[in-house]
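Me: I should like to work through this protein by question and answer. Please show the sequence and structure before we begin.

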Amino acid sequence: MHIGQKRVYTAAGLFIESKLYSRYDGAMKNQSKQAETQFAQLAKPYLQHPEVQQMASYIQHGTISTLDHVTRVAYTAFTWANSIGVDVDKQDLVAGALLHDFYLYDWHDRSTSMPHHATMHPIYAAQNAARVFDVNDHVLQIIRSHMWPLPLTRLPQSREAWLVSVADKYCSLYETILCRREKRRKVSYDL
Ligand SMILES: [Fe+2]
Ligand SMILES: [Fe+2]
């Protein structure tokens, strides 16, 4: 499933997305301008890359693109780390979160998707991350383990990996509920 219009993310666009999301999530209320600037600086090299931009062409949940999803997961994990005050490598955290679903195909389309998407897409994403970016083993581990407990053996092995794995589940649930609400609203307009 492809989205008709491709969204291009800039640092400014990222702020707009972040601010929109903060209206739904109290966890972001207390983020300082300094934290937002730091997040944008860390995310920019990834978000500006044309292959990362390709994620805007694929649907992740309902009407949410994969690029919107990974941006939301990255900002959420970054915000949680700041709010809890836990000592993390923010560069690895943001890189791992932005690339955690960097598998680059439409998982809804069986003719173009890769085998065993549910369990294997973290491996495909890590392969693409290593091919496109000079990422370290820690970032690759964050990507590979984000679907834990699927499989049980691919356990997150750092605070950053746990933050991304939990933020991914939280955002996926949020996006699924948001999409249902939008669908319901659309149905009522149609009536
Ligand atoms: Fe995923
Ligand atoms: Fe995800």
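Me: Is isoleucine 59 buried, exposed or partly exposed?

Reply: This is a predicted model, in which local features need pLDDT of at least 70, side-chain atom pairs count only at pLDDT 80 or more, and totals for chains, interfaces and linings use all residues. Residues are numbered from 1 along each chain as its sequence is written, and chains are lettered from A and ligands numbered from 1 in the order in which they are written. A residue is buried if 20 or more other C-beta atoms, placed from the backbone, lie within 10 Å of its own, exposed if 12 or fewer, and partly exposed in between. Isoleucine 59 has 19 other C-beta atoms within 10 Å, and therefore counts as partly exposed.

Me: In which strand is the place of isoleucine 59?

Reply: Strands (E, at least two residues) and helices (H or I, at least four) are DSSP runs, numbered from the N terminus. The protein has eight helices and two strands. Isoleucine 59 lies in the strand spanning residues 59–61, β1.

Me: How many of the nine residues of α5 are buried?

Reply: Helix α5 covers residues 90–98. Its buried residues are Asp92, Leu93, Val94, Ala95, Gly96, Ala97 and Leu98. The helix is thus mostly covered, and the buried count is seven.

Me: Which helix supplies the largest share of the largest nonpolar core?

Reply: A nonpolar core is a set of buried Ala, Val, Leu, Ile, Met, Phe, Trp, Tyr and Cys residues joined through C-beta atoms within 7 Å. The largest one has 37 residues, and those with the most contacts inside it include Ala74, Val94 and Leu98. Among the helices that each supply at least two residues are α2 (33–47), α4 (66–84) and α8 (159–190). The largest share, eight residues, comes from α4.

Me: Which residues does leucine 98 touch, not counting residues up to four places away in sequence?

Reply: Two residues are in contact if their C-beta atoms, placed from the backbone, lie within 7 Å. Leucine 98 is one of the buried residues of α5. With residues up to four places away in sequence left out, leucine 98 touches Ala43, Tyr46, Val70 and Ala74.

Me: Why are α5 and α7 described as oblique to each other?

Reply: Axes are lines fitted to C-alpha atoms, for helices over the stretch in contact, and angles run from 0 to 180 degrees between N-to-C directions. Angles under 35 degrees count as roughly parallel, over 145 as roughly antiparallel, 65 to 115 as roughly perpendicular and the rest as oblique. Helices α5 and α7 (residues 137–144) pack at about 40°, with axes 8 Å apart. The two helices are therefore oblique.
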